[in-house]
Amino acid sequence: MRGFSYLKKALHVRSSYSRLLVVSCISSGGLMVYAENVDNSQKVVERSQSHPKKKKIVVLGTGWAGTSFLKDMDISSYDVEVVSPRNYFAFTPLLPSVTCGTVEARSVVEPVRNIIKKRNGEIQFWEAECLKIDPENHKVICRSIVENLVGENDFSLEYDHLVVAVGAQVNTFDTPGVMEHCHFLKEVEDAQKIRRTVIDCFEKAVLPGLSEEERRTDLHFVIVGGGPTGVEFAAELHDFIHEDLVQLYPSVKDLVKITVIQSGDHILNTFDERISCFAESKFQRDGIEVLTGSRVVSVSEHSVNMKVKSTGEYVIVPHGMVVWSTGVGTRPFVRDFMEQIGQGKRWILATDEWLRVKGCPDVYAIGDCATVDQRKIMEDILTIFEAADTDHSGTLTIEEFQDVLEDIIIRYPQVELYLKSKHLFEVTELFKDSEGNEREEVDIEGFKSALSHVDSQMKSLPATAQVAAQQGSYLASCFNRWEKCNTNPEGPRVFGSAGRHAFLPFTYRHLGQFAPLGGSKAAAELPGDWVSMGRSTQWLWYSVYASKQVSWRTRILVVWDWTRRYIFGRDSSRI
């Protein structure tokens, strides 16, 4: 009681200090200053200015693009929320290895909550799927993927900036029967399902009472699509069968068949021609049938109907399992978003060179769900000429053109690609006339003629993990330097108006690509027009893919899986 009386007395004597203390503790967002004179006459209340509210960034997706963005993002200046139906990141280039047990599924996934741990802030993660983007009200409508528990499933999130990184879905090209009878290889669940189906095909084929024709059908594995994923899966499946399964199912070892159907003239047609030829000859030696120039027109439960382009003939191919590995499509809610912003006639969401969605400047799109719509130089040819013509003479000298050349190459990267393709080492060679004579200056028509073929070098970026990861890192860098670059722009000049762009546009740097071909052999296309093929390339593939894992946990697990497979073989259990 004495202590209480003493405290009460102290509060009464020093009322101004005590009330200042209490109010400052319970108030939030600012400091309340309260003063009271001795005779309790006049009271003055003042509130300091609150700290500016952080901008809110909502990220949709935890694939290569979204995860790369989150890892490089400095969230001290932003509130970041992530929405994805998958609470993990999957190292998708190793999914073909998961289908055959070379690598286990949990070895290639990392929980999102492990990735988003930060010292200087907190990222909120919501396991849900996005149903709709409302750009007018800056909201996204989401739904929980867990439906059997109490509580509301639907919710909405407001945003200041939205990053769409949801990837793409399988494109069936409206081919009848594909959705019902084909396997896909986009998600970890797809790889696990394929693994179980392969074992089912062998278990069914060895049952008594089946004819040889029925056994051959059950053991015929068809892969539609001769791109990197389809080819790598065919190679993994061949190794799995001939290194492990034929020892467990010796009675049917001569009945197994693998067929790759490719609509183009060659498999791996995005690679160097030398790699395509090497892969085709390697598959021929391994007994993998490659049917090029063939298009699948329908798929049924036990057969594939395809059309041979050269003859127009329709061929029925019996199968035990079909893996559809060709084409990517836009997800439904992204398609709805495109309709809202005037991109309904496009096949994929379009962004500018800074990865901003066209027609919606507060929304960014990265990864497989979008494409960068590079602006053509011929669309701005007049404004470029006027900006370079500093003396307003109506003609452009070489010196005037060189003054703006650096900005042109940054803003229109196809210019540099065109110079390289034509083996032009000096930009002044563009100024030569049709007879090859040098000109000291050109008028607007001559300038148009000099650059008229530059836009032919424009190419869409491939839908690969490498592109998505670089886009995520680039966008995070832009947000991290937002205030600095808006104050001191670092980008190229804005032709047609004053000033410069705040940021440098996104530039993709190709670091090479691999194609594992089975039998401890691989092919690689490396920067500088280098091509490598054989066993040494397989070891290079091992080292690169191990180093690219997102954590030491997955890195160790993947290396252990490769070691385990070498010592004990692959596991054929159906689990």
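Q: What are helices and strands here, and how are they numbered?
A: Helices and strands are DSSP runs, of at least four residues for a helix and at least two for a strand, and they are numbered from the N terminus. Keep in mind that this is a predicted model.

Q: Where is the place of aspartate 443?
A: Aspartate 443 sits in the loop that runs between strand 24 (441–442) and helix 15 (444–451). This residue is partly exposed, because its relative accessible area is 38%, and partly exposed is the range between under 20%, which is buried, and over 50%, which is exposed.

Q: Which residues gather in a patch of negative charge on the surface?
A: The negative patch is formed by Asp391, Glu399, Asp403, Glu440, Glu441, Asp443 and Glu445, so the aspartate 443 that we have just placed in its loop is one of the members.

Q: What describes a pair of aromatic rings?
A: Such a pair is described by two things, namely the distance of the centres and the angle of the planes. In this structure the count comes to 19 aromatic pairs. One of them joins phenylalanine 401 to phenylalanine 447, with 5.6 Å centre to centre and 75° between the planes, which is an edge-to-face arrangement. Phenylalanine 401 belongs to helix 13 (residues 398–411) and phenylalanine 447 to helix 15, so this pair ties together parts that are 46 residues apart in sequence.

Q: Are phenylalanine 401 and phenylalanine 447 buried or exposed?
A: Phenylalanine 401 is buried, because its relative accessible area is 2%, and phenylalanine 447 counts as buried because its relative accessibility is 1%.
A second pair is made by tryptophan 541 and tyrosine 545, whose ring centres are 4.8 Å apart and whose planes are at 40°, so this pair is tilted. Tryptophan 541 and tyrosine 545 both lie in helix 18 (residues 535–547), 4 residues apart, which is about one turn of the helix, and both are buried. These two residues also belong to a cluster linked by ring pairs, whose other members include Trp64, Phe89 and Trp562.

Q: Which residues make the nonpolar surface patch?
A: Trp560, Tyr566, Ile567 and Phe568 make a nonpolar patch of about 560 Å² on the surface. Tryptophan 560 is found in helix 19 (residues 552–568), and it is partly exposed because its relative accessible area is 44%.

Q: How many salt bridges does the count come to, by the rule for them?
A: The rule asks for a side-chain nitrogen of Lys or Arg within 4 Å of a carboxyl oxygen of Asp or Glu, and by it the count comes to 27 salt bridges. Arginine 570 and aspartate 244 meet in one of them, at 2.6 Å from N to O. Arginine 570 is in the segment after helix 19 and aspartate 244 is in helix 9 (residues 228–248), so the pair ties together parts that are 326 residues apart in sequence. Both arginine 570 and aspartate 244 are buried.

Q: What are the relative accessibilities of aspartate 373 and lysine 358?
A: Aspartate 373 counts as partly exposed because its relative accessibility is 25%, and lysine 358 counts as partly exposed because its value is 34%. These two residues form a salt bridge in which the closest N and O atoms are 3.0 Å apart.

Q: Which residues are linked in a network of salt bridges?
A: The network links Glu104, Arg195, Asp561 and Arg564.

How values were computed. Residues numbered from 1 in each chain as written. Predicted model: local features only at pLDDT ≥ 70, side-chain atom pairs only at ≥ 80, totals over all residues. Heavy atoms only, no water. Patch = residues over 30% accessible without salt bridge, like charges linked within 9 Å, V, L, I, M, F, W, Y side chains within 5 Å. Areas by Shrake-Rupley, 256 points an atom, 1.4 Å probe, with all protein chains shown as cover. Lys, Arg positive; Asp, Glu negative; His and termini not counted. Charge placed at Lys NZ, Arg CZ, Asp CG, Glu CD. Buried < 20%, exposed > 50% of the residue type's maximum accessible area, 1.4 Å probe, protein only. Phe/Tyr/Trp six-rings, centres within 6.5 Å; stacked < 30°, edge-to-face > 60°.
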